[in-house]
Amino acid sequence: MIVLRTPGGLSLRLHPRALTVGATCALLTVAVGVVALGSGDYPMSAADVLRTLTGGGTPAEAFIVHELRLPRLATAAAVGAALALAGAVFQSLVRNPLGSPDLLGFTQGAATGALVVVVLGGTTAMLSGAAVASGLATGVLVYALAWRRGVHGYRLVLVGIGVAAILTGVNGWLLTRAPLMDAARAVLWLTGSLDGRGWAHAVPVLVTLAVLGPLVLAGAGPALRLMEMGDDAANALGVRVERLRLALLATAVLLVALAAAAAGPVNFVALTAPHLARRLTRAPGPNLLPSAALGALLLVVADQVAQRAFGGHQLPVGVVTGVLGGGYLIWLLASERRAGRL
Amino acid sequence: MQSRLRGTAMTLGYDRRTIARELTVDVPDQSFTVIIGPNACGKSTLLRALSRLLKPSAGAVLLDGENIQRRPARAVAKTLGLLPQSSVAPDGIGVAELVARGRYPHQGLLRQWSREDERVVAESMAATGVADLADRPVDELSGGQRQRVWLAMALAQQTPLLLLDEPTTYLDIAHQIEILDLCARLHEEQGRTLVAVLHDLNHAARYATHLIAMRDGRVVAAGPPRSVVTAALVEEVFGLPCRVIDDPETGTPLVVPAARRRAEVAS
């Protein structure tokens, strides 16, 4: 820990390892991003990409970078960061490493809204709006069902898993009601895909991250750390536990719903990024900033793998995160079991 | 008798189950107050109310004459500390790092770690004898050491009032005495007001300066141990026939349960 102090009595606490992890992930995201912007049917060198980004390049290059590839990259980074930040908040709130929004029903809830729009036949904008709305509605439902003189971690996890199971069933039923063409589109959306994403997808997530991110990091980060010691301990230290938990749950659900609206329910980023971040920083606590940076990196890399690693065959990014994350989950369950925590 | 912390005509309970009605207690300033009573008499519930974890459905807890539920959370946390019965040490956290968390109510966005914070944390660890463990992970400590670390965290909060919910549970007898000796020293040397819930009547009689005896959600007696701990009162509160003699070590009252035959005769 490094402490910076000014004569005026101001003091800042910095954790070099956490900052290094966050900065490294951010730099790697940029580096992979430059590669991603240069690869595709029209390959460009890194120098060309950078020149185009700074306003140079031919009109064709400018169109390809600014209108085709950059929005997709920005969506990937923003969705990854939003999911990871939400996952870190959730896991910390419910004090459970498995307490991630994809296991607690929020992503499934967002999908339900999207599927309803598919079945009824709506536009893409309507689909995004419905995903956000039903994701938030699921958040309210889970909170209300788990509420009993305050919401406690264990109840929230159990209620969330139950709601997730119900909504998965509902989603399956909705798919059978959709016309064949729309059902195919819906399945692609359900897998989580970044194909053809434009600025309209990236901007809502980016703006929300820019507004809520600093609020969560600076405003709630220290209190969230205390809540990991138990509600009583946090209350005794002057944290308004129930109020903060509601605010943080709402924020996390909003981030997940917006991410799902932009890229579909991309699985496992919210679960794995906070775990990996904690392993890298070796610091207890929610590790919010390193998690968000790592989430952005994970999804940008996963999308690059999905597009390029299988020759001419492009996969939806959700397949890649699903395979990687599923493997990670099995390993996590095995190691938690060995440590006697399960 | 001055009391910064008081409960007046409180009704306490969970959901629809009422534990106590019209409960009024005063915590004398600078006292080491111990709440005793049989299981389910409401002593932990009372402590939860005093520490504002439980909101009374009627009546109020007054801290410096003001309703504790209406005061800003941080301001209360600078006056009133609590060592809860079950706290979880986050995975892999170090001793000094955990103790430092007690400084939270004194910190802010631009005042994250002052020299004052540093000094108080070092003093708290020294006072509880965990300074040598500063860099050790809390997971690796013994039960007694861990409890001293939690106590150090509560001390770092620098509150004139400190509430302790069964601080000796889960400890073996040597560590129980160690923690209670430590509490007594903090009470005497630092002039803090302590309020503890204890299970062991003899510990309570030995360490407390003020006892509150409860049964069925009511205060049966309150006052110095010498006047509260009598054979008649122990029988009334705990239903335990006994003799009360002088503790040969400290001269405080010592409860000796009646031998089996006498107990059978008595019942």
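This passage describes the confidence, chain contacts, nonpolar core, one helix and one sheet of a predicted model.

The model scores ipTM 0.91 and pTM 0.91. The mean pLDDT of chain B is 93. Of the residues of chain B, 97% reach 70 or more. Confidence in chain B varies by element. Strand 3 of chain B (residues 32-36) is highest, at a mean of 98. Helix 10 of chain B (residues 260-266) is lowest, at 61.

The two chains touch. On one side are 23 residues of chain A, in contact with 27 residues of chain B. Three elements of chain A each give two or more residues to the side that touches chain B: strand 2 (11-14), helix 8 (199-227) and helix 9 (231-236). Helix 9 of chain A provides the largest share, with 4 residues. By class, this side of chain A comprises 12 nonpolar, 6 polar and 5 charged residues.

The largest nonpolar core holds 184 residues. The members that touch the most others are Val79(A), Ala82(A), Leu85(A), Val256(A), Ala259(A), Leu299(A) and Val99(B). Helix 3 of chain A (residues 59-93) gives the largest share of this core, 19 residues. The surroundings of Leu299(A) can be listed in detail. Residues up to four places away in sequence are not counted here. Leu299(A) then touches Ala76(A), Ala77(A), Val79(A) and Gly80(A). Its other contacts are Val266(A), Val269(A) and Val317(A).

Val269(A) is also one of the buried residues of helix 11 of chain A. This helix runs over residues 269-281. Its 13 residues, at 1.5 Å a residue, should span 18 Å. The end C-alpha atoms are 18 Å apart, so the expected and modelled spans agree. Helix 11 of chain A is mostly covered, with 11 of its 13 residues buried. The buried set includes Val269(A), Ala270(A), Leu271(A), Thr272(A), Ala273(A) and Pro274(A). His275(A), Leu276(A), Ala277(A), Arg278(A) and Thr281(A) are buried as well. These buried residues pack against five elements of chain A: helix 1 (16-38), helix 3, helix 10 (241-263), helix 12 (288-308) and helix 13 (317-338). Just after helix 11 of chain A, Arg282(A) takes a positive phi of about 55°.

Chain B contains an open sheet of 4 strands. Their order is 2-1-4-5, and the pairing is antiparallel. Strand 2 (17-27) and strand 5 (66-67) of chain B stand at the edges. Each has a single partner strand, so one side of each is left without a neighbour in the sheet.

The pairings can be followed across the sheet from strand 2. Strands 1 and 2 of chain B pair over 7 bridges. Tyr14(B) stands opposite Arg17(B) in strand 2 of chain B. The hairpin of strands 1 and 2 of chain B has 2 residues between the strands. In this hairpin, Asp15(B) takes a positive phi near 45°. Strand 1 (residues 5-14) of chain B pairs with strand 4 of chain B over 5 bridges. Here Leu5(B) stands opposite Leu63(B) in strand 4 of chain B. Strand 4 (residues 58-63) of chain B pairs in turn with strand 5 of chain B, over 2 bridges. Leu62(B) has Asn67(B), in strand 5 of chain B, as its bridge partner.

Conventions: Residues are numbered from 1 along each chain as its sequence is written. Chains are lettered from A and ligands numbered from 1 in the order in which they are written. This is a predicted model: local features need pLDDT of at least 70, side-chain atom pairs count only at pLDDT 80 or more; totals for chains, interfaces and linings use all residues. pLDDT is the predictor's confidence in each residue, from 0 to 100. Two residues are in contact if their C-beta atoms, placed from the backbone, lie within 7 Å. Ala, Val, Leu, Ile, Met, Phe, Trp, Tyr, Cys and Pro count as nonpolar, Asp, Glu, Lys and Arg as charged, and the others, Gly among them, as polar. A nonpolar core is a set of buried Ala, Val, Leu, Ile, Met, Phe, Trp, Tyr and Cys residues joined through C-beta atoms within 7 Å. A residue is buried if 20 or more other C-beta atoms lie within 10 Å of its own, exposed if 12 or fewer, and partly exposed in between; C-beta atoms are placed from the backbone. The expected span of a helix is 1.5 Å times one less than its number of residues. Two strands pair if DSSP finds at least two bridges between them.
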